[in-house]
Amino acid sequence: MHIPDGFLSTPVWATLDAVAAPAAAVVIRRAQRTFDLARVPALGVMGAFVFAAQMINFPVGAGTSSHLVGGTLLACTLGPAPASVVMIAILTIQSLVFQDGGVLALGANVLNMAVIGVLAGYLPFYLWGAGPRRKFAIFAGGTLSVLVSAILALSELLVSGVPMPRAALVLSMGVFAVSAILEGAITLAVVQGLDAIQPNFVRIPAAGRSPALGMLGLVAVLLGAVGVLFASTAPDGIERLTRYEAASAAAPWLSKAGAGLGGLALIYAACLGIGRLVARPTPAGVGQAGWGPRRRGSA
Amino acid sequence: MHHVVLERWSRGTSAVHRRDPRVKALATLAFLIVIATAHRQLPWLATACFVLLCGVTLAARLPVRPAVLRAGIVLSFTVVFAAMSWISGDPARAVSLLLKSYLSAFAVLLLVSTTRISVLLHGMERLGAPRFLLMVVQFLYRYLFVISEEAQHMRAAALSRGAGAGHATRRSRLQAAGGAVAALFARSYGRAEDIHRSMLARGFSGEFRTLESLRLSAADVWFGTLAVLVPILIRIVIERSV
Amino acid sequence: MTGTLIEVRGLRFRYDDGTEALRGVDFCLHRGETVALLGANGSGKTTFVLHLNGLLTGEGEVTVCGFPVNRKNLPEVRRRIGLVFQDSESQLFMPSVIEDVAFGPLNHGLSTAEATARARKALETVGMAAAADRAPYHLSAGEKKRVAIAGILAMDPEILVLDEPTTFLDPPGQRSLAELLARLPQAKILVTHDIPFAQAMSSRAAFFREGTIAAEGAVDELVRRFNWGPLG
């Protein structure tokens with residue numbers, strides 16, 4: 001969900017922009033370790049691919065269809081940091097060229113979808129992608145990335161005081177859950193398609209990784225997301241939050257906002273930590289984000 | 001097609017087009033902040049700012065009605081939340097959401113309608129944004145429509161072969177769509193390899209050098225100062241007097 | 001400077017999966033020549049030309065303008081031999097025509113002013129000077145091909161290599177390309193399936209089969225010998 005400008009309150013969008021900037025810098029620096037400047041066009045092209053892929057409709061029954069969001073697919077093929085960079089590029093183009101997502105809100109959207117969303121999508125793959133539960137890992141990754149992104153977006157809106165009646169909230173969560181599962185299914189379908197074309201499009205998560213910390217990271221992300229949502233929708237919160245004028249007032253509102261933002265900070269810290277261990281140098285060859293064997297020429 | 005129109009608009013030669021991209025970017029940012037942080041007398045402020053943006057559109061020699069309408073696309077998202085605000089007894093919030101999201105979208109549309117993307121990206125680099133990211137954006141934009149067209153051709157081909165027909169199971173249709181996306185991935189990957197080869201063949205040695213050179217002129221300074229001050233003044237005047 | 005611009009002796013190349021793509025190719029190109037490379041898809045033509053500027057490295061000797069093609073000499077080699085690939089869309093990767101044509105000169109260390117001048121001159125040579133500011137995406141296939149050639153000419157090479165240049169071009173586009181190439185003084189290698197084009201442009205041809213050059217001679221001769229005519 002791309003948040004437009006005008007929705008988030010000033011403390012929220014400003015804080016998220018301030019947090020997103022260093023997060024983006026970290027992710028970009030990491031990506032440059034495996035992809036030097038010569039490979040930048042490749043990242044751009046894969047970003048264009050995701051855009052284009054979003055046009056292909058996946059039939060999901062009952063006459064509805066969904067489309068790929070792409071964060072998890074990118075993470076499994078390019079690696080998490082390059083995937084984040086590509087997602088940031090996509091969000092930038094969507095915001096500027098298509099006015100899909102605000103400019104001041106770019107920090108929020110980047111954190112939700114390009115940083116935390118991609119990480120949440122990659123963690124299951126990191127933990128289980130090399131073993132017999134690979135299919136589950138990919139499906140779980142797709143599901144988690146969309147779910148976490150959506151929950152964070154919703155929470156940011158609630159903390160900003162955007163009114164959402166309880167019924168609407170429940171409905172939204174239902175819609176998010178369905179989209180998330182669809183993303184998991186679609187991502188898995190695409191990965192299986194890729195495996196059929198060329199076995200090493202999808203990388204193998206490196207040996208020497210740390211399952212325990214990976215699990216911890218996963219739990220932290222999940223708890224953080226749920227915590228933020230909970231803090232944003234605490235029982236008397238809805239009544240308070242729907243009073244627009246309360247924006248300038250009450251300590252209870254501020255403490256809820258604080259709790260919400262605190263949850264985000266927790267997630268951010270978890271991501272930094274996980275990012276550090278996920279990007280640990282891998283043994284030569286295994287799981288390295290090499291660009292695969294040279295494609296054979298046509299003649 | 002939106003992007004074709006945008007490309008055409010951004011290649012104009014008006015005084016607005018010729019301004020330094022850094023100045024335009026900062027002016028847009030200032031405008032967005034003025035709108036985002038406003039709480040009082042929103043309808044008045046919004047009207048004044050709308051008139052201001054229409055004025056800039058005219059000065060940029062762009063067609064006003066299409067621009068005004070194009071900016072309205074954001075409202076399809078906003079209207080749902082506005083409705084919820086109204087129902088929850090907060091009409092002021094509903095109005096705020098609609099006005100702010102629209103004006104913000106209009107301002108950004110103006111920025112990209114008066115500045116070529118590659119020039120804007122170069123300006124952002126000079127303002128401190130990371131080069132690596134901006135180059136990814138540049139190449140993404142370059143191949144966005146190429147690959148979208150390829151995707152459309154694949155869709156047309158698949159439809160002609162009976163995809164989406166009722167007799168296939170949901171699972172097999174999912175797999176077929178997955179296969180289509182995978183094929184598009186492989187083609188894109190192959191194209192990335194081709195581009196890399198072209199770069200090496202023409203002597204790429206690790207750095208992208210650009211022909212662009214940006215220089216601030218007096219007109220840029222005037223424009224920038226006005227563009228930042230006018231919205232602020234408008235807001236101050238409205239909040240004081242009304 | 002000798003008249004032999006390219007000398008290849010005993011070139012062998014194997015892909016990562018073990019397939020032998022080139023099994024000992026001997027070839028030379030002299031100043032002023034245009035040579036057509038004919039042969040089936042997969043016979044090694046494109047793989048071969050990728051060795052001429054070091055994009056692929058195999059066993060054997062490849063010498064371009066006196067420089068052995070090795071890692072150390074790559075900048076020199078790539079300055080002298082320009083490759084025009086089959087898909088111009090992937091070759092014109094910069095946001096505007098002029099920026100793309102100036103890419104080569106800028107990489108060779110020229111100043112922006114010099115690179116721009118070279119780029120404009122190259123665009124004039126190919127007849128695309130008016131398109132300098134346009135986005136490559138909006139050009140026609142023929143226009144893209146000409147801009148791609150300009151991008152190579154701007155580097156002032158001695159040799160031009162074109163891989164299937166007439167693919168995607170309509171007959172007027174093909175004619176226009178042939179006229180342009182005929183005007184250019186560089187020695188040329190044309191990898192092509194387009195027999196009339198090969199006949200019109202080249203002084204001799206080499207026929208690739210299964211990774212080696214099975215025969216060399218005039219295009220007509222090879223067409224007869226290998227039954228390589230388009231229809232009957």
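These are my notebook entries on chain B of a predicted model.

**Secondary structure.** I looked up the secondary structure of chain B first and recorded 10 helices and zero strands. Following the sequence, I wrote the pattern down as α-α-α-α-α-α-α-α-α-α.

**Overall form.** I then turned to the spread of the chain. For the 242 residues of chain B the globule rule gives 18 Å, but the radius of gyration is 23 Å, well over that value, so I noted chain B as more spread out than a compact globule. I entered the span of the C-alpha trace along its principal axes as about 65 × 55 × 30 Å.

**Burial and contacts.** I looked up burial next and found that 44% of the 242 residues in chain B are buried. For the contacts of chain B, I considered pairs of residues at least 6 apart in sequence; of these, 82% join residues at least 24 apart.

**Domains.** I consulted the domain assignment, which divides chain B into domain 1 (2–125 + 215–241) and domain 2 (132–201). Domain 1 of chain B is thus listed with two segments, 2–125 and 215–241. Taken over C-alpha atoms, the centres of domain 1 and domain 2 of chain B are separated by 34 Å.

**Contact between the domains.** I asked how many residues each domain brings to the contact: domain 1 of chain B supplies six residues and domain 2 of chain B five residues. On the side of domain 1 that touches domain 2, I traced the largest share, five residues, to helix 7 (residues 117–126) of chain B. I classed the residues on that side of domain 1 of chain B as three nonpolar, two polar and one charged.

Terms used: Residues are numbered from 1 along each chain as its sequence is written. Chains are lettered from A and ligands numbered from 1 in the order in which they are written. This is a predicted model: local features need pLDDT of at least 70, side-chain atom pairs count only at pLDDT 80 or more; totals for chains, interfaces and linings use all residues. Helices (H or I, at least four residues) and strands (E, at least two) are DSSP runs, numbered from the N terminus. The radius of gyration is taken over C-alpha atoms; the globule rule is 2.2 Å times the number of residues to the power 0.38. A residue is buried if 20 or more other C-beta atoms lie within 10 Å of its own, exposed if 12 or fewer, and partly exposed in between; C-beta atoms are placed from the backbone. Two residues are in contact if their C-beta atoms, placed from the backbone, lie within 7 Å. Domain bounds come from an automatic or database domain assignment. Ala, Val, Leu, Ile, Met, Phe, Trp, Tyr, Cys and Pro count as nonpolar, Asp, Glu, Lys and Arg as charged, and the others, Gly among them, as polar.
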